[in-house]
Amino acid sequence: MDYQFTAGSLPLLVSMPHVGTDIPDDIAASFAPAAAVKTDTDWHLVQLYGFLREMGASTLSARWSRYVIDLNRPPENTNLYPGQDTTGLCPVDTFGREPLYPAGGAPDKAEVQRRLRLYWKPYHDRLRAELDRLLAMHGRVVLWDAHSIASVVPRFFDGKLPDLNFGTADGASCAPGMTDAIASLARAHGGYTVAVNGRFKGGHITRHYGKPAQNVHAIQLEMCQSTYMDETAPYGYRPDLAAQVQPLLRQLTQAAADWAGKGAQA
């Protein structure tokens with residue numbers, strides 16, 4: 001199976017496109033040594049969001065590493081942040097600019113299309129199908145795209161990133177009322193710094209599926225990994241830190257589901 005999926009009963013789907021660590025043997029054989037470390041994985045998010053099944057939320061998480069193909073990039077590989085550096089659909093280097101392929105070994109157009117068909121499309125087909133199922137059940141649905149990143153990545157931003165970075169494509173992917181409700185809860189907690197549509201405004205999943213006029217409201221949360229894990233190899237999970245942020249994550253995702261449900265009843 002190309003992903004892990006659990007169907008829930010709430011009007012909430014949580015997508016985790018960058019948690020995958022598997023690499024097919026044929027692709028692994030083409031990689032440079034840096035790929036084996038999988039530094040840029042969104043480590044441990046499935047564990048961190050482990051409360052979702054009990055809540056009744058639907059979850060979709062990737063099997064394959066983002067180094068195989070990035071599920072949060074558009075299939076035509078357009079830059080989501082024009083004028084800024086970013087990694088592409090089939091990344092050729094790490095966030096630290098370490099090459100993922102030997103010289104001349106990057107995938108050609110045919111290989112990119114093969115990976116789109118085999119590894120990108122199944123995830124997106126399932127995501128679309130689950131949104132449609134939840135829409136049919138509830139009339140309105142929230143798509144929560146869950147991510148994490150090292151708190152300091154000079155390639156992409158200066159200094160330290162805020163702890164919790166919400167993105168809604170500058171308001172295009174969900175209703176302002178939902179954004180305000182989520183951001184207000186996060187800020188009221190007081191334990192974490194919060195940004196809305198700052199350095200991270202949402203990737204392809206947020207921008208493509210978030211259609212407020214069609215009752216699909218998408219929001220991305222990019223968390224600093226320092227809030228729940230060690231940011232250096234071997235990237236260990238920190239239960240002590242996770243225990244502090246998990247209640248807030250549960251409150252935020254429950255608020256998103258409640259917001260969607262209230263709209264469906266209106």
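1. Start with a cation over a ring: Arg 140 puts its charged end over the ring of Trp 259, at 3.5 Å from the ring centre. Keep in mind that this is a predicted model.

2. There's another arrangement of that kind at Arg 199, whose charged end sits over the ring of Phe 200, with 5.2 Å to the ring centre.

3. On to ring–ring contacts. The count comes to eight aromatic pairs. One of them joins Phe 31 and Tyr 101, a tilted pair with 5.0 Å centre to centre and 50 degrees between the planes. That angle is neither under 30 degrees nor over 60, so the pair gets the tilted label rather than stacked or edge-to-face.

4. Where do Phe 31 and Tyr 101 lie? Phe 31 is in the loop between helix H1 (25-28) and helix H2 (45-48), while Tyr 101 is in the loop between strand E3 (58-62) and helix H4 (109-138), so this contact ties together parts 70 residues apart in sequence.

5. Buried or exposed, then, for Phe 31 and Tyr 101? Phe 31 is buried, at 11% relative accessible area. Tyr 101 counts as buried too, with 6% relative accessibility.

6. Also worth a look is Trp 144 with Phe 166, an edge-to-face pair: the centres are 6.3 Å apart and the planes make 80 degrees. Trp 144 belongs to strand E4 (residues 141-149) and Phe 166 to strand E5 (residues 164-167), so the pair links distant parts of the chain, 22 residues apart. Trp 144 and Phe 166 are both buried.

Definitions and conventions: Residues numbered from 1 in each chain as written. Predicted model: local features only at pLDDT ≥ 70, side-chain atom pairs only at ≥ 80, totals over all residues. Heavy atoms only, no water. Phe/Tyr/Trp six-rings, centres within 6.5 Å; stacked < 30°, edge-to-face > 60°. Helix = DSSP H or I, 4+ residues; strand = E, 2+ residues; numbered from the N terminus. Buried < 20%, exposed > 50% of the residue type's maximum accessible area, 1.4 Å probe, protein only. Lys NZ or Arg CZ within 6 Å of the ring centre and 35° of its normal.
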